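Trainee: I would like to test the vocabulary on a real case. Can we go through it term by term?
Mentor: Yes. Ask what lies behind each word.

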Amino acid sequence: MVMFLLRRVLAGLVLVLVVATLTFALLNLTGTDAARNILGENATPEQAAAEAATLGMNRPLPVRYWDWLSHAVRGDLGTSWFKGEAVTSSLASTLPITLSLALAGLLLSALLSVGLGTAAAVRGGRLDRAIQFLAVLSSAAPSFLVGLLLAVTVAVKLRWLPATGYVSFTDSAGGWLRSITLPAIALAIAATGGTAQQVRGSLIDVLGSEYIRLLRSRGISERRVVFKHALRNAAPAGLTVLSLQFIGLIGGAVIIEKIFGLPGVGSLANFSAVQGDQPVVLGVVVVTAAIVVLVNLLIDIAYGWLNPKVRAA
Amino acid sequence: MTLPLPTPVVQRAHLFRRLLRDPVAVTCLVVLAVVVLASLLAPVLTSHDPARSVLSDTLAPMSAKHPLGGDGVGRDVLARLLYGGRTSLLGGLIAVLVALLLGVPTGLVSGFYRGAFDATVSWLVSLVMAVPAIIVLLVVMAMVSQNVFVAMVVLGVIFWPAVYRLIRASVTSVREELYVDAARVSGLGDARIMRRHILPVVQAPSIIQAAQIFEVAIGIQAGLAFLGLGSANQASWGAMLNDAFTNIYTKPILLLWPGLAIGLTVVSLGLLGNALRDTVGGRSGSRASSSRTPAATPPAATPPAATPPAAPPLAGDDEDLLSVVNLRVCYPREGREVAVVDGVSLTVRRGEILGLVGESGSGKTQTAFALLGLMPALATLTADGLAFDGQDLRGLGRAARNSYRGRRIGYVPQEPMSNLDPSFRIGSQLVEPIRQHLKLSARQARERALGLLERVGIADPARVFAAYPHQISGGMAQRVLIAGAVSCDPDLLIADEPTTALDVTVQAEVLDLMRSLQRERQMGMILVTHDLGVVADLCDRVAVMQTGRIVETAPAAQLFADPQHPYTRMLLDSTLEGAKPRGALPAPLEGIA
């Protein structure tokens with residue numbers, strides 16, 4: 001188990017490094033003139049050259065790459081070309097918003113999909129068909145469309161919850177909850193369909209297995225059979241889907257942020273990409289890749305913890 | 001997901017025809033056809049230029065000139081909707097094509113040849129999967145190219161892992177199949193094997209996945225345009241949403257048209273993909289296929305079960321622990337009810353071992369499950385009498401039934417390893433029913449379980465108690481299951497072929513154990529088996545089953561000495577024990593391995 005984890009951590013680090021390198025190359029080989037971007041069209045060639053020199057853009061590419069990388073491993077992702085703010089501090093102020101959104105969406109979707117998937121598998125019949133239909137609808141509808149729908153109905157028409165704005169958790173827990181509820185619901189709805197179908201499918205397989213029949217033959221109550229034994233054995237399959245959903249959730253959060261006016265990583269990425277703010281874009285890509293790798297690692301650990309065969313090995 | 005069986009060419013036409021029988025699929029196809037036609041015919045349906053803004057038409061109401069009004073900068077909404085469809089459909093198509101062009105060949109080669117290519121591509125795939133698609137696309141569109149179709153090519157690359165994994169998994173499962181081996185042995189080249197045997201298998205899942213990619217691509221493309229990325233001159237549904245969003249307080253209806261267009265298109269694609277999956281593979285993981293479907297009685301051999309041939313004594317005997325009268329178990333098959341247990345009557349007295357014998361498919365296991373109330377939801381059970389210790393078992397609620405099962409009726413299954421919950425320790429699986437039925441404390445239940453493990457001949461009870469099922473052998477697992485079956489001192493034990501899955505050396509030990517437990521506790525017992533040797537060893541009385549009915553019931557000695565029914569005679573003749581001793585085996589010939 002320890003060796004397995006070490007290998008996974010190492011593979012994850014390599015993955016992040018490769019993503020960083022590729023992004024660095026992409027940003028630098030596309031030929032956008034960063035200095036001119038910053039100074040505007042009216043700058044003289046001399047001014048542009050001077051600006052490029054202050055940015056260090058006149059050095060050869062490998063030198064710049066090494067410079068960036070050697071700082072990055074020490075936790076310094078450079079400074080924004082436009083705002084002069086350290087990339088890490090920009091990320092520190094935006095990342096919690098996007099992450100809390102994605103995690104709240106993930107949690108909500110996990111609860112919903114276990115509930116709906118279990119109901120569909122255990123009850124069967126008409127309820128099962130209805131839930132399956134809803135699941136297909138929910139996994140087809142893009143989360144931002146659901147978000148727009150929620151924004152128009154709940155926030156704009158009914159005025160139950162705020163349409164825009166973010167209140168940090170430390171300022172007001174209630175305000176934070178109110179600002180995050182609608183976007184998290186929108187994200188969760190889109191992620192629930194696929195997971196619920198997975199939970200339903202594997203639960204039906206488990207409920208048809210011989211050890212479940214044996215438990216029933218021992219007179220174990222149906223509630224314990226379903227909630228203790230069957231769900232426990234169906235959990236790994238649900239977990240796998242959930243880890244795939246998380247990447248989609250981060251992507252969905254980027255767009256949802258715009259609808260609800262949340263200053264998260266999405267708006268940071270959007271804004272700095274349009275501006276051509278290379279250090280910020282690079283930082284956003286590397287950090288999101290690292291988060292995805294980390295979440296997958298956590299899910300692997302949970303997977304191993306759930307499976308006695310892996311745990312014992 | 002269950003993989004569909006290899007679909008030969010003949011079935012492809014059927015697939016489409018079957019799809020047309022599904023009303024949901026037809027509706028989706030119609031919606032998609034309308035969307036495609038409307039986009040293609042955009043120049044015919046409207047004379048407006050989707051990119052031209054007329055200031056005076058800003059947020060214009062619906063009118064003859066602008067059927068859906070004007071948008072925030074005075075462009076015609078209908079024209080933008082129609083031309084926007086082109087962008088969405090073309091973009092989705094590009095993403096699908098790129099993903100398939102990359103994914104299918106790499107998946108085929110990876111799955112078929114494995115090796116270094118497989119390792120390299122699998123690593124590349126995990127690389128692509130580590131970055132959220134939206135962020136990559138954001139960077140590409142902002143810094144590389146404003147063109148949405150370039151972004152869709154990149155999106156196709158991002159979807160490559162999904163196609164690759166699907167194809168690779170399908171190929172891996174097929175390449176082990178016998179007919180692929182046979183093709184290889186008969187000298188077919190790899191290219192021909194792929195074309196003839198592997199491509200047909202991958203076809204259906206790829207079509208389903210293409211529909212899904214198309215659906216997600218349209219959504220993501222709209223999302224990007226909604227963020228304000230992409231060329232301002234190109235009409236798209238996402239850009240319309242963006243414009244409508246800025247006017248959400250003044251004219252929220254503008255959100256409706258692009259929202260509806262995107263929603264209808266992606267939901268139709270999603271439902272269509274689902275319908276396709278159902279048509280191809282049957283409903284995966286459905287209830288019907290998940291339970292072991294019993295063999296049915298051939299209809300021809302099912303005359304009305306008025307009077308069973310060998311009428312056993314019906315109820316009324318005080319010694320009867322279990323009395324069953326005219327038990328029937330039916331399954332729906334092809335629109336009608338088929339009986340797998342067809343009028344079975346039997347009795348078990350206290351301390352008596354009844355053998356239930358018959359070939360596989362005769363309904364003996366189904367009879368055992370019926371007595372325990374373990375029938376799948378599909379089955380219907382009827383009986384004129386089903387009494388255990390004077391109590392009618394018919395129509396018992398769940399709670400009442402659970403007060404019998406495990407407590408007064410124990411069950412030993414056939415296949416030991418698959419009957420233990422792999423996620424829980426053996427100890428906890430033993431303790432759970434003991435605590436529930438006997439209301440013991442955790443410590444008392446643990447002591448009882450350890451005692452039982454020792455009683456069933458396990459040398460190191462503490463170790464087995466703490467072990468997971470995968471850590472013990474099959475013989476030991478069967479001992480654990482026997483311990484579990486007798487853990488609450490039941491009056492009746494139902495054992496379904498308890499030794500069939502075990503090694504021959506272990507079989508005798510397990511049978512000895514069951515007999516000694518039965519004598520010690522004076523349990524009644526039903527021993528389901530096809531092994532007449534086991535019957536001769538253990539049973540007091542024997543009931544012989546054929547095609548869902550009991551054809552003969554007799555004391556064991558009498559049955560062996562003087563079988564009445566032809567089927568019983570046939571069973572006796574076919575067993576080795578009954579055969580005349582043969583001469584010594586001829587010495588094996590040299591040189592023949």
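Trainee: How many bridges join β3(B) to β9(B), and which way do the two strands run?
Mentor: This is a predicted model, to begin with. Five bridges join β3(B) to β9(B), and the two run parallel. One pair to look at is Gly355(B), which stands opposite Leu527(B) in β9(B).

Trainee: What makes β3 and β10 of chain B a pair?
Mentor: The count of bridges. A pair needs at least two. Four bridges join β3 (residues 353–357) to β10 (residues 541–546) in chain B, so the two strands pair. They run parallel. Gly355(B) has Val542(B) as its bridge partner in β10(B).

Trainee: Where do β3 and its partners sit in the sheet of chain B?
Mentor: The order is β7-β8-β9-β3-β10-β11 in chain B. These six strands form an open sheet with mixed pairing.

Trainee: Why do β7 and β11 of chain B count as edges?
Mentor: β7 (409–412) and β11 (549–555) of chain B each have a single partner strand, so one side of each has no neighbour in the sheet. On average, neighbouring strands here are turned by 15 degrees against each other, direction ignored.

Trainee: Which helix packs on this sheet?
Mentor: Helix α13 (residues 364–372) of chain B. It touches β3, β7, β8 (492–496), β9 (524–529) and β10 of chain B. The direction of α13(B) makes about 145 degrees with that of β8(B).

Trainee: What makes α13(B) mostly covered?
Mentor: Nine of its nine residues are buried. Buried asks for 20 or more other C-beta atoms within 10 Å of a residue's own. Lys364(B), Gln366(B) and Phe369(B) are among the buried residues of α13(B). Just after α13(B), Gly373(B) takes a positive phi of about 70 degrees.

Trainee: Is β3(B) covered on one face or on both?
Mentor: On both. Ile353(B), Gly355(B) and Val357(B) are buried on one side, and Leu354(B) and Leu356(B) on the other. That fits the count: five of the five residues in β3(B) are buried. Over chain B, buried residues make up 45% of 593.

Trainee: Now chain A. Why are α5(A) and α12(A) called oblique?
Mentor: Start with the angle. Helix α5 (residues 87–123) and helix α12 (residues 278–306) of chain A pack at about 55 degrees, with axes 10 Å apart. Roughly parallel means under 35 degrees, and roughly perpendicular means 65 to 115. The angle falls in neither range and is not over 145, so the helices are oblique. Their crossing is right-handed.

Trainee: Which residues of α5(A) and α12(A) meet?
Mentor: Val87(A), Ser90(A), Leu91(A) and Leu95(A) in α5(A) meet Pro279(A), Val280(A), Gly283(A) and Val287(A) in α12(A). By class, this contact has six nonpolar, two polar and no charged residues. Gly counts as polar, so Gly283(A) falls in the polar class.

Trainee: How many residues of chain A are in contact with chain B?
Mentor: 58 residues of chain A are in contact with 64 residues of chain B. Contact here means C-beta atoms within 7 Å. Helix α10 (residues 222–259) of chain A gives the largest share of chain A's side, ten residues. By class, that side has 34 nonpolar, 15 polar and nine charged residues.

Technical notes. Residues are numbered from 1 along each chain as its sequence is written. Chains are lettered from A and ligands numbered from 1 in the order in which they are written. This is a predicted model: local features need pLDDT of at least 70, side-chain atom pairs count only at pLDDT 80 or more; totals for chains, interfaces and linings use all residues. Two residues are in contact if their C-beta atoms, placed from the backbone, lie within 7 Å. Axes are lines fitted to C-alpha atoms, for helices over the stretch in contact, and angles run from 0 to 180 degrees between N-to-C directions. A residue is buried if 20 or more other C-beta atoms lie within 10 Å of its own, exposed if 12 or fewer, and partly exposed in between; C-beta atoms are placed from the backbone. A crossing is left-handed if the near helix is turned anticlockwise from the far one by less than a right angle, and right-handed if clockwise.
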